[in-house]
Amino acid sequence: MPLGTLDRTAPPLFNQGPSALSKLIFFSALALFLMVADARFNVVQPIRTVVGAVLFPVQWVAMQPVLLARAASRYVEDLQGAQRDEAQARRQLAELAQRASRADTLSGENARLRALLELRQTTQNPSRAAEVLFDAADPYTRKIVIDQGINHGIVAGSPVIDENGVLGQVTQVLPFTSEVTLVIDRDLSVPVQNTRTGVRTVAFGDVDARGGGLELRYMTSHADLQVGDVLATSGVDGVYPAGLPVARIDNIERRADSAFARVHGMPFAAVTAARYVLVLAPVGDPVPQVYPGSAGAATAATADVAARKKPEKADTAKKGDASAKDGGGKEAAKELAKEQRATPAPRAGRPAEPRTGAPR
């Protein structure tokens, strides 16, 4: 094909129309016009409203992944915060429970100590508070160990009471601890008196009956005893002060084939749960019991030593006075005899001169 016959015009696809500069100027002016018209007359507001209503579903769908991501992150943070708060609340609850338990324990101990102090004021015997350390290791006896011993002034045979009544008696004393035999031990007996009738008898430990109690032996079947009678110490043994509550009669068995009744009593003292006790000085102790550390201990010791030394000084003084009297009389007689021998006899008709000096 000859070259002169070819069409040199651009195809319609590449037909650019107006130039780029003219397009820039036109659209810039149009944009400026629209901005001024919208600012002054709100011309574009209806168009904006229609476009926003049409594009809202598209925006909602596009925002869902972002909202889901934010919700998941917030859920994880809230879950971790809730777990932390729960753990902290559990710790606080455990601490509060521990404090409440400790407060209940301290309240019970305070009530028992107050009861001991009130009981201490009612008893005339010197006393000392002690704490129960542990039960004795022997399974066939009922004994406890307290934290007071010889160094604290505890002596064997001292009665031991708690806030409710007689607990037992000190049977072994060590330098820093003491062993107390409880009233329910079969080897311990306490002279008691029925507060209703005034009848005196002896209560023995009965550990096998109903888990531990006291038994009144050799009581006749027709004895005036009733369930509920209170047994207190009689004080005739010289160990326990009179009037301390011991037990209450809870069972009386009168059998036709026996002349004696079986009388069982429950002790007032907490024989299995005592924590703090009061150790009294024995009533029959001839020396007043003053425990170390109490007011007046040094004064009592000084008075005791002075009382012991006073008779010795008096005896020594009496012996010295007697010796002085006897020795002085003998020496005076000897001196008088010497002077009488040395003085010449008076002449007749001339009185003897009176002696003015006392014999040496």
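# Strands, barrels and helices

Q: How many bridges pair strand E1 (residues 127–135) with strand E2 (residues 143–146)?
A: Helices (H or I, at least four residues) and strands (E, at least two) are DSSP runs, numbered from the N terminus. Two strands pair if DSSP finds at least two bridges between them. E1 and E2 are antiparallel, and Val132 stands opposite Ile146 in E2, while Asp135 has Ile144 as its bridge partner there. The number of bridges between E1 and E2 is three.

Q: What kind of model is this?
A: Residue numbers start from 1 along each chain as its sequence is written, and side-chain values use heavy atoms, with hydrogens and water left out. Local features need pLDDT of at least 70, side-chain atom pairs count only at pLDDT 80 or more, and totals for chains, interfaces and linings use all residues, since the model is predicted.

Q: How many helices and strands does the secondary structure of the chain hold?
A: Helix H1 covers residues 20–41, and helix H2 covers residues 45–122. The chain as a whole comes to three helices and 12 strands.

Q: In what order do the strands of the closed barrel that includes E1 run?
A: E2 pairs with E1, and E2 also pairs with strand E5 (residues 178–182), antiparallel, over four bridges. In that second pairing Ile144 stands opposite Val180 of E5. The barrel has six strands, paired antiparallel, in the order E1-E2-E5-E4-E3-E12.

Q: What is the average twist from one strand to the next in the barrel E6-E7-E8-E11-E10-E9?
A: The six strands of this barrel pair in the antiparallel sense. Angles run from 0 to 180 degrees between N-to-C directions, with axes fitted as lines to C-alpha atoms (for helices, over the stretch in contact). From one strand to the next, the twist averages 40 degrees.

Q: Which residue in the turn between E6 and E7 has a positive phi?
A: Strand E6 (residues 189–194) and strand E7 (residues 200–206) are antiparallel and joined by five bridges. Val190 stands opposite Ala203 in E7. The two strands form a hairpin with five residues between them, and the turn residue with a positive phi of about 85 degrees is Gly198.

Q: Which residue in E8 is the bridge partner of Phe204?
A: E7 and E8 run antiparallel and are joined by four bridges. Strand E8 spans residues 213–220. The partner of Phe204 in E8 is Glu215.

Q: Is Tyr218 buried or exposed?
A: Tyr218 lies in strand E8, and its phi is near 60 degrees, a positive value in a residue other than glycine. Buried means under 20% relative accessible area, exposed over 50%, and partly exposed in between (1.4 Å probe, protein chains only). At 63% relative accessibility, Tyr218 therefore counts as exposed.

Q: Which residue makes a polar contact with the side chain of Asn251?
A: Asn251 is in strand E10 (residues 245–253), and it counts as buried because its relative accessibility is 18%. A polar contact is a pair of N or O atoms within 3.5 Å; within protein, one must be able to donate a hydrogen and the other to accept it, and residues adjacent in sequence count only if both atoms are side-chain atoms. At 3.4 Å, the side chain in polar contact with that of Asn251 belongs to Glu253.

Q: Which strand gives the largest share of the largest nonpolar core?
A: A nonpolar core is a set of buried Ala, Val, Leu, Ile, Met, Phe, Trp, Tyr and Cys residues joined through side-chain atoms within 4.5 Å. The largest one has 42 residues, and those with the most contacts inside it are Leu167, Val183, Leu216 and Val263. The largest share, five residues, comes from strand E12 (residues 276–280).

Q: Which residue of strand E10 with an asparagine side chain does Val263 touch?
A: Contact means heavy atoms within 4.5 Å. Not counting residues up to four places away in sequence, Val263 touches residues including Leu214, Leu216, Ile249 and Ile252. Also touched is the E10 residue Asn251.

Q: How many of the 22 residues of H1 are buried?
A: H1 reaches 31 Å from its first C-alpha to its last, close to the 32 Å expected at 1.5 Å a residue. The expected span is 1.5 Å times one less than the number of residues. H1 is hardly covered, and its count of buried residues is two.
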